[in-house]
Amino acid sequence: MSHRTMDWLILLGCVSLWAGLTLAEVGSFSGCTEYFYQGAEPRGFATADTAEICQRYNNRYHFATLYDRPNRIPRWSAYTLGDLACPGQPQRRSQWFVEPQLARPDKSPEMTTEADSTLTVDERRSSQAINEDYGDTSYDRGHLNPNAFQCNDGRTATFTLTNATPMDPCFNRIHWYKLEKTLKTQLTVSCRNVGGTPYLVTGAVPSDGEKIPIEEEDKEGDRNRPYNRVSVPSHIWTAVCCDHRDNNRKFSFAFIGENKEASSLQIIPVEQLNAELSGLYKISETVNVFADDCGSRSQKGQEVLSATKEALYSSFRIFLFDSYPHLLPPAKRSKLNSETSQVMRSTNLDQNKVQLTGIRFLVSISSLSDWHRQFEKTYEQDDLACVLAPAGVAAAKASGISDKVCTLQEQKHLPNSGVTAKGGSCVKQACEYHEYAYSWCYTSHSNHWDYCCIAKCTVNPESKQYECPRGDGSTTPCSPQYSTVTVSGTACRADHPCGLYEKSYFWCYTDYQDNWDHCCSPQHYCGSHDYDYQWCYTQDPEAAWQYCTP
C-alpha cells in the first residue's frame, strides 16, 4: 500500500516518531484520517466503550479501527486498496498481534505479538481478544481489513486481533473470500486504474448471544482460560466508495451478510446500509458510513455493481440473491449452480425473459404426529401450509432427506392464489373479485366456479368447521391445504388434493377415472389414538371416521 505521511511525521522522522506522539493523539484517529473518505470517520458507531485505533506497525499507520472493548471485536475497520504488484506475499501468519494501548494508554500504539508484549495476560485480556480465545473453537479469526487487499507491512498489519472477529469458516473461506477477491478486481479496474481512490469500511455487528470460547467445545481438558469473552457477530458488512475528481466516476455500494454457513448476501445502496445498521447495532442516532454517501446512486456505480455481480456468477451468484440453494443437498446444489451459470452465460437468450420455475421446498418428518404438529405451527404462524406427501413417492425419494415429507406452500388467501376455498384449482384466472363483490375463480373450462378466501381459512369456534371470509361480508366453508394422501395411503390426483369439494367430509380423486378415497381431517391424522388399529376422523367436528394406513 502507498501511504501519505503526515507533515509532522516528515519533520520528525520515523526514528523519533514515538517521542513526537502526545497522549491526545493516542486512542484517536488524528494520525490516520487518510483512510477515511473526505477525511471523515463513519458516524454513529462510537460509544463510551469503544476505542479508536490507528493501526500502527513498523512505525507507520496502515488503517483505522473502531474497537468494541466489551464485545472484544472491531465494530469496523476503514482502509484503502493497497498496492497491486506485491508477489510472494505470505497468506497467513502464525502469530497475531495485540494492542498494548487498549489496556495501558501510556504504552506505545505499535502492535506487538503477545510473546513480545510487556503486559501481563490479565492486562491483555482486560480489554481485547487474545489468541487463546480462538483456540479450539469452531470459528476463524476473520479479517475485516482483508490481508489480500494489502502488501508487505500493510498486509502484516492486518493480522492484529483488533482487526479480527469470529467468522463461520464456510462464510469466511468461501462466501466472503470470493466476494473480496472479485471486489478487489473490480475496484482496481473501475476505480484505481482510472484515477480514483477506493475507500472501504468493513464491519461486524455484535450478537446478543454466542461468545467464544465455549467451555463445552474446549478440547483441552487441562486448559485454564476464561470463557464467553468474544462476541460472535450476527452480520458482516462492507461499504465501498470510489472517490474521483470527476463526479460522474464517483460511486458507492454495500454488501451485508449473515455470519453463518447457509448465508445470503445483500447488495444494497450505502444509505440503505446506514438504515439497516442503525437497527442491527441498536443505534438511536444517525448512522453514516460515508460522508454524503459517496455518489451512491450514480450510473457508474450501477455499472460497476453489475460487473461485480456478473463476475461472481460463475462461482456463487445465486448466493447473492437467494438463500434457498443452501437448503439443497450438495450434489443438487452443484447441479443447480452449473445449470444456472449455463443459462446466464448464453448470448442467445434474453435474460429479462428467463424465469426460474418449479421450485419446491420439502420438509422431512419422522411420523404423522410430527407432521401434524408441524402443519399446525406453520399454518398458524407462517402463512405456510406443510402439505403431507405420500411416503415413498418420487418427490420424497428425490429429496434425499426422508421417505416422509411435506411440501411447503403459501396459503390460499394470499394474493394471486390459484386455489379456491374448498380446495379446487383455478383455471383461466387467479382468485380475484372479477367484477363481483366476492373473490372467486373458474374451476373448469365449462365455467364451473367457487368462492375464494380473502383471509386465512380457520376453524369456527362454534361450529368447529373451517370457514373463511369471501370478500362480501359473508363466510364460506373451506379446507386448508394440508395433505395429498388418502386414508389408505394412496396419493391424491395431482390437481385434486384433499379437500371438501362440496361434501361434508374430506376426500380426493385418486385418478382420472373418478375413483376417490377419504382423507383424514386437517384437525386429525392417521394413528392408533388409544386403539389397537389405525384410524382418523374424516369429518369435522369429529363426526365420522375411517380405518387408515399410516
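## Hairpins of β1, β2 and β3

In the hairpin of β2 and β3, four residues lie between the strands, and R72 takes a positive phi near 60 degrees. This is a predicted model. Strand β3 covers residues 73-80 and pairs with β2 in the antiparallel sense. Five bridges hold that pairing. One point of contact is A64, whose bridge partner in β3 is A78.

Strand β2 also pairs with β1. Strand β1 spans residues 50-57 and runs antiparallel to β2, with eight bridges joining the two. Here I53 stands opposite T65 of β2. The hairpin of β1 and β2 has two residues between the strands. In that hairpin, N58 takes a positive phi near 55 degrees. Is strand β2, residues 60-68, mostly covered or mostly open? Mostly covered: eight of its nine residues are buried.

## Salt bridges

The whole structure holds 16 salt bridges. One of them joins E41 and R43, with the closest N and O atoms 3.9 Å apart. That distance falls within the 4 Å cut-off, so the pair counts. E41 is buried, at a relative accessible area of 19%. The limit for buried is under 20%, so a value of 19% qualifies. R43 is partly exposed, at 48%.

A second bridge links R493 and D495, at 2.6 Å from N to O. R493 counts as buried, with 16% relative accessibility. D495 counts as partly exposed, with 32%. In a third bridge, the side chains of K260 and E258 meet at 3.5 Å, N to O. K260 is partly exposed at 37% relative accessible area, and E258 is partly exposed at 31%. Salt bridges also form a network, which links R104, D106 and E123.

## Stacked aromatic pairs

A search of the whole structure finds 35 aromatic pairs. Among them are F45 and W237, with ring centres 5.9 Å apart and planes at 20 degrees, so the pair is stacked. This pair links distant parts of the chain. F45 lies in the loop between α2 (17-20) and β1. W237 lies in strand β11, residues 235-243. The two are 192 residues apart. Both F45 and W237 are buried.

W371 and F375 also form a stacked pair, at 5.9 Å centre to centre and with 25 degrees between the planes. How many residues apart do W371 and F375 lie in helix α10? They are four residues apart, about one turn of the helix. Helix α10 covers residues 368-381. Both W371 and F375 are buried.

## An aromatic cluster and R470

Which residues do ring pairs link into a cluster? They are Y436, Y438, W440, Y442, W449 and Y451.

R470 meets two rings of this cluster. R470 lies over the face of Y438, at 5.9 Å from the ring centre. Its cut-off is within 6 Å of the ring centre, so a distance of 5.9 Å satisfies that part of the test. The charged end of R470 also sits over the ring of Y451, 4.2 Å from its centre.

Key:
Residues are numbered from 1 along each chain as its sequence is written. This is a predicted model: local features need pLDDT of at least 70, side-chain atom pairs count only at pLDDT 80 or more; totals for chains, interfaces and linings use all residues. Side-chain values use heavy atoms; hydrogens and water are left out. Buried means under 20% relative accessible area, exposed over 50%, partly exposed in between (1.4 Å probe, protein chains only). Two strands pair if DSSP finds at least two bridges between them. Rings of Phe, Tyr and Trp (its six-membered ring) pair if their centres lie within 6.5 Å; planes under 30 degrees apart count as stacked, over 60 as edge-to-face and the rest as tilted. A charge sits over a ring if NZ of Lys or CZ of Arg is within 6 Å of the ring centre and within 35 degrees of the ring normal.
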